[in-house]
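Open the model in your viewer and keep the sequence panel visible. Each stop below says what to select and what is there.

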Amino acid sequence: MKVEIISIGDELLIGQVINTNASWMAQELNLSGFEVSHISIISDKKEEILESLRYAENRNDIILITGGLGPTRDDVTKHSLCEYFDTTLIFNEESYKNIERLFATRGYVISEINRQQAELPANCKALLNSQGTAPGMLFERNGKVFIAMPGVPFEMKMLMTIHVIPELISRFNAPSIVHRTINTTGIGESALAEEIKEWELSLPEYIKLAYLPSPGMVRLRLSGIGENQLSLVNEISLLENKLQKIIPQYIFGYDSETIEEVLGKALCDNDLTICTAESCTGGYIAHRITSVSGSSRYFKGSVIAYSNDIKTNILKIPNKTIEKHGAVSREVVTLMAENIRKLMKCNISVAVSGIAGPEGGTPDKPVGTVWIAISTENETQAFQFVFGDNRERNIIRTGAAAMHLVLKEINKIK
């Protein structure tokens, strides 16, 4: 069954609001066996809504609409649907009782404009919205299903979870779809493709591989489509195990796992503590590590040594070392890592110094040059990278590389 998602709202078209609704809906539909073939963003104009509905009905089986169901004059979706399905609004008692319940819990008085939200197209099935005043509306025509929902994300997600997806599953015999995502770091997309070429060529026709690159990371998504879900899960698991043997040094986690979550678990499992000394990343690595709940168990602190004065006065790096080798060097970053570890009494420390850009590069040290050092009680190692000329990507890639190196060091300690 093919699905089209229509997102209504001028705020989406001008970029004032990001269309996260469509992304979330597409993921949930796909997991339930429904193929999303089109996603449209249109304005709050009746003509645009009617035209989009005509196009969607001609090419898809299920049309899901979000937005434009509020109580104000610029919310015209409900009236447009009345015209499209040749019907009129009637008062829906169940929807009104829901509004009364919501307003009573919040201590609000129901106005006439709120009461009007309980007026729904006569030929729709109302989907009760326990989180808001605008109910969902389901229409049927020529074997096709149309469902309109509010654009408020938490209201839409509730309706999708409680009403829409169960309704679609009961009506349509969708195939089983199984996804498994393998998260990698430390290698670029093209190099990774070369490493796993033979494995990729061995994939059966009904299991597809997608490369999903982002700064510092490449996700490999396996998607299987078939009638037997358990069989797909088992087959994808076997493929995953084979891949693990080919590139174990690059795989750090699966599905929605982040590298900072995996790192935090590894530190906890091994009863280790960590700290950072950051120059070019400005605290980004510490931010990533502490974004994980419970990170206080293993993260002790950070020094953002952005200026050479801080490197000298707090991290005790001799001026002559900086003058001789430069702040972006093996020698300086090694001392940063060793001294922060001793200062904070940690098991592991990570230090970074680099030229994030877009200015500051030299022929010997171009923009994107980064040194990362990992220090333990046994040894300190420093690694050089050249990431590129984009400042934001350089910071993200430095953070990913640093955490990957720490994970490798923990694996050595085990």
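**A loop with a cis bond**

Select Pro 358, which sits in the loop between strand 15 (348–354) and strand 16 (369–375); helices (H or I, at least four residues) and strands (E, at least two) are DSSP runs, numbered from the N terminus. This is a predicted model, in which local features need pLDDT of at least 70 and side-chain atom pairs count only at pLDDT 80 or more, while totals for chains, interfaces and linings use all residues. Residues are numbered from 1 along each chain as its sequence is written, and side-chain values use heavy atoms, with hydrogens and water left out.

Add Gly 357 to the selection: the peptide bond joining Gly 357 and Pro 358 is cis, with omega about 0 degrees.

**A loop with a positive phi**

Next select Lys 316, in the loop between helix 13 (308–313) and helix 14 (319–325). Lys 316 is not a glycine, yet its phi is positive, near 60 degrees. Most residues other than glycine have a negative phi, and most peptide bonds are trans.

**Helix 16 and its partner**

Select residues 391–413, which form helix 16. Its 23 residues should span 33 Å at 1.5 Å a residue, and the end C-alpha atoms are 33 Å apart, so the two agree. (The expected span is 1.5 Å times one less than the number of residues.)

What caps the N-terminal end of helix 16? Asn 390 does, with a side-chain oxygen 3.2 Å from the backbone nitrogen of Glu 392.

Now add helix 11 (residues 259–269), which packs against helix 16 at an angle of about 25 degrees, with the axes 10 Å apart. Axes are lines fitted to C-alpha atoms, for helices over the stretch in contact, and angles run from 0 to 180 degrees between N-to-C directions. The two helices, 11 and 16, are therefore roughly parallel (angles under 35 degrees count as roughly parallel, over 145 as roughly antiparallel, 65 to 115 as roughly perpendicular and the rest as oblique).

Show side chains where helix 11 meets helix 16: among them are Leu 263 and Leu 267 in helix 11, and Met 403 and Leu 407 in helix 16. Contact means heavy atoms within 4.5 Å.

**Helices 2 and 7**

Select helix 2 (residues 20–31) and helix 7 (residues 153–171), whose axes are 11 Å apart at an angle of about 25 degrees. That angle makes helix 2 roughly parallel to helix 7. In the contact, residues of helix 2 including Trp 24 and Met 25 meet residues of helix 7 including Met 160 and Ile 165.

**Helices 3 and 4**

Finish with helix 3 (residues 46–59) and helix 4 (residues 77–84), which pack at about 50 degrees with axes 9 Å apart. Helix 3 is therefore oblique to helix 4. Among the residues in contact are Leu 50 and Arg 54 of helix 3, and Leu 81 and Tyr 84 of helix 4.

Notes. A polar contact is a pair of N or O atoms within 3.5 Å; within protein, one must be able to donate a hydrogen and the other to accept it, and residues adjacent in sequence count only if both atoms are side-chain atoms.
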